[in-house]
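Trainee: Could you give me a close look at a single part of this protein, and then show me how that part fits into its surroundings? I would like to follow the side chains one by one.

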Amino acid sequence: RDWSVTGVQTCALPISNSKLRLGLVGCGGRGQMITGFFQAHGGYEIVALADYFPSRIEDTIKKRSLGAVRQHTGLQCAEKMIAAGGLDAVAIISPPYFHPAQVRAAVAAKLHVYLAKPLAVDVPGVQAIAESGRTARQQGRVFLVDFQTRANEFYLEAIRRLHAGALGDLCFGEALYHAGRLARKLTPGTAQETRLHNWVFDQTLSGDIIVEQNIHTLDVMSWIMKDSPPLRCTGTGGRRVRVDVGDCWDHFAQVFEYPHSVGVTFSSRQFDAHGDPGGIINRMFGTKGVFLSTYGGNVMIRGGAETFYRGGETRAIYRDGPIANIAAFHTQILSGEAKNPTLEPSVTSNLVAIMGRMAAYERRTVTWPEVLASKQRLEADLSGLQA
């Protein structure tokens, strides 16, 4: 697919020593890991941190030996950090419920944006991110969404071959995200603060597991299908095993139907399965071969001599993916490259995940036009929390 964009301004920066002044939003476990990757790159100076909880900022400063950095707390921590100025770029690693407002503030300030997936928890939120991303492109600002698989050499080459016809005509596929339970965080504070600490179990703050986590395998499915949307989706799911925290479901099962009668089955679980290792797995079967991938495992194409691709292991993809994206973010900013090719595919895969959730929640077949027309917003009651 040609992601060339016309009317893009250049954005090369007159920054001494090529150091980008970075503010980071979200100092939880992944945020702290991403902070370390930005540090290790060497092309960034972390000048500000934002998180609702002061203790998380303090912990990040200590673990990463950051020294004197600006600190911003509360629900509006990102907006406060951006309004304070002194930034070239912002990395947003916060719960996805907050992404649309935080991204809007960053783009209004003409900052470069590095954004964790998923983009948002509902269709209006995704559409708002898409609009912000297009504005950033027009401004000549870099807007990068951090999907690890799309930065991996073996995924890139295998899917390039698939798109070039290595599998022949596509017949059907499957996408799986089977995992054990996530650990509940037992922290002091009010009930609302405990909820915020455990946002990953909250439907509204996370978008449920199909949007917040299963998007990894659904994004690969969408990538395989050239980022073209499914025609319709039918599905189910429920909350039967993990009933002691939050309100997220613990399993989903769907069928996504694409043009030319290509069906892709999807299933996920987030509970122990008595020794079954699970994994983030994609398969696509064609008339000439089979695409096989496991996040953290092998990526390959099986078939005849003209089709076979050995691929390779992706054991370190959880680390290597963001490291590669952070390097690309820096290069694109300094070179003035603001085509931002990650935006549109991320919008599509996020909407695909929401489509699956809609089909399961509503117990019916949902079409793509219905997804695009959805005005339903997930609204969180954040009363009692510090602004």
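Mentor: Happily: we will start at one helix, follow its side chains outward, and then visit the core and the main pocket.

A word on conventions: this is a predicted model, in which local features need pLDDT of at least 70 and side-chain atom pairs count only at pLDDT 80 or more, while totals for chains, interfaces and linings use all residues. Residues are numbered from 1 along each chain as its sequence is written, and side-chain values use heavy atoms, with hydrogens and water left out.

Let us take helix H6, which spans residues 153-163. Helices here are DSSP runs of H or I with at least four residues, strands are E runs of at least two, and both are numbered from the N terminus. Within H6, Glu 157 and Arg 160 sit three residues apart, about one turn of the helix. Their side chains form a salt bridge of 2.7 Å, N to O; the term means a side-chain nitrogen of Lys or Arg within 4 Å of a carboxyl oxygen of Asp or Glu. Side chains of opposite charge can pair when their charged atoms come close. Glu 157 has a relative accessibility of 22% and Arg 160 one of 48%, so each counts as partly exposed. (Buried means under 20% relative accessible area, exposed over 50%, and partly exposed in between, with a 1.4 Å probe and protein chains only.)

Now look at His 163, also in H6. This histidine is partly exposed, at 27%. Leaving out residues up to four places away in sequence, His 163 touches Trp 223, Ile 224 and Lys 226, where contact means heavy atoms within 4.5 Å. One of these partners also makes a polar interaction: a polar side-chain atom of His 163 lies 2.9 Å from the backbone oxygen of Trp 223. For a sense of scale, the C-alpha atoms of His 163 and Arg 364 are 31 Å apart, with their positions 201 residues apart along the chain.

Those contacts bring us to helix H10, residues 215-224. Here Asp 219 forms a salt bridge of 3.0 Å, N to O, with Arg 150. This pair links distant parts of the chain, 69 residues apart, since Arg 150 is in the loop between strand E6 (143-146) and H6 while Asp 219 is in H10. Asp 219 is buried, with a relative accessible area of 0%. Asp 227 joins Arg 150 and Asp 219 in a network of salt bridges, and the total for the model comes to 17 salt bridges.

Just ahead of H10, in the loop after helix H9 (209-212), is Gln 213. Gln 213 is buried at 9% relative accessibility, and its side chain makes a polar contact of 2.4 Å with that of Gln 270. A polar contact is a pair of N or O atoms within 3.5 Å; within protein, one must be able to donate a hydrogen and the other to accept it, and residues adjacent in sequence count only if both atoms are side-chain atoms. Beyond four places in sequence, Gln 213 touches Tyr 177, Leu 182 and Val 200 as well as Gln 270.

What packs against H6 and H10 from the nonpolar side? Phe 291 is in contact with residues including Ala 158, Ile 159, Leu 162, Val 220 and Ile 224. Phe 291, together with Phe 143 and Phe 256, has the most contacts inside the largest nonpolar core, of 76 residues. Such a core is a set of buried Ala, Val, Leu, Ile, Met, Phe, Trp, Tyr and Cys residues joined through side-chain atoms within 4.5 Å. Helix H12 (residues 343-362) gives the most to this core, with ten residues. Also in H12 is Gly 356, buried at 0% relative accessibility, whose contacts beyond four places in sequence are Ile 210, Cys 233, Gln 254 and Phe 256.

Finally, the largest pocket is lined by 43 residues, with Arg 30, Trp 199, Val 200, Glu 212 and Tyr 318 nearest its centre. Helix H1 (29-41) is among the elements supplying at least two lining residues, and H1 has the largest share, three residues. (A pocket is an open set of points on a 1 Å grid over the protein atoms alone, where a 1.4 Å probe fits, with protein on both sides within 12 Å along at least five of seven lines; lining residues have an atom within 4 Å of a point.) Val 200 is thus a good place to end, as a contact of Gln 213 that also lies by the centre of this pocket.
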